[in-house]
Amino acid sequence: MLLLTQTDNDRTAEVHIGGSVRINLAENATTGFRWAIDRYDEQLFEVVATEPHYPKDSIGAGGDVSFTFRAKKPGSGEIALKNWRHWEGDSSVTNRFRVRLRIEP
C-alpha cells in the first residue's frame, strides 16, 4: 500500500494494478471544514474507504481522515481532494491535495 500525507501534495508516484493508495490528512471537523474527494479518474481508480479518526471524548479536538483508493487498470491519472464546508460550496475551500499516479501492470 502506498501511504501519502500532506507532505506528498503535488507528488507523482507509481502503483501497480490492484495496489492501494491511502491518503491521510489532518482535519478538525468541529470547525465544519472536512476533507472530501474533489475528483478522480473512475476508469483507473475505485474508492475503497473514507475513514475519519478522532480521539474519543475529545470534543473540539482535531483528528485525521484517510481516503483509500485501489488501482484498476494501467494508465496515468490524478486524485484531487479539497478541505471545505460542503454547505458553503467551493468558495469555502481552504486547502487542496493532489497526487498524480502512474498505474503499472
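**Exercise 1.** Determine which residue of β6 stands opposite Ala49.

*Solution.* Ala49 stands opposite Thr68 in β6. Strands here are DSSP runs of E with at least two residues, numbered from the N terminus, while helices are runs of H or I with at least four. Two strands count as paired if DSSP finds at least two bridges between them. β5 and strand β6 (residues 63-71) are joined by eight bridges and run antiparallel. The model is predicted: local features need pLDDT of at least 70, side-chain atom pairs count only at pLDDT 80 or more, and totals for chains, interfaces and linings use all residues. Residues are numbered from 1 along each chain as its sequence is written, and side-chain values use heavy atoms, with hydrogens and water left out.

**Exercise 2.** Establish the order of the strands in the open sheet.

*Solution.* Step one concerns β1 and strand β3 (residues 20-27), which pair in the parallel sense over three bridges; Leu2 has Val21 in β3 as its bridge partner. In step two, β3 is joined to β6 by eight bridges, and these strands run antiparallel; Ile23 stands opposite Phe67 in β6. The result is an open sheet of four strands in the order β1-β3-β6-β5, with mixed pairing. Its edge strands, β1 (2-4) and β5 (45-53), each pair on one side only.

**Exercise 3.** Describe the backbone and exposure of Asp10.

*Solution.* Asp10 lies in the loop between β1 and β2 (11-16). Its phi is near 70 degrees, a positive value in a residue other than glycine. Most residues other than glycine have a negative phi. Asp10 is partly exposed, with a relative accessible area of 39% (buried means under 20%, exposed over 50%, partly exposed in between; 1.4 Å probe, protein chains only).
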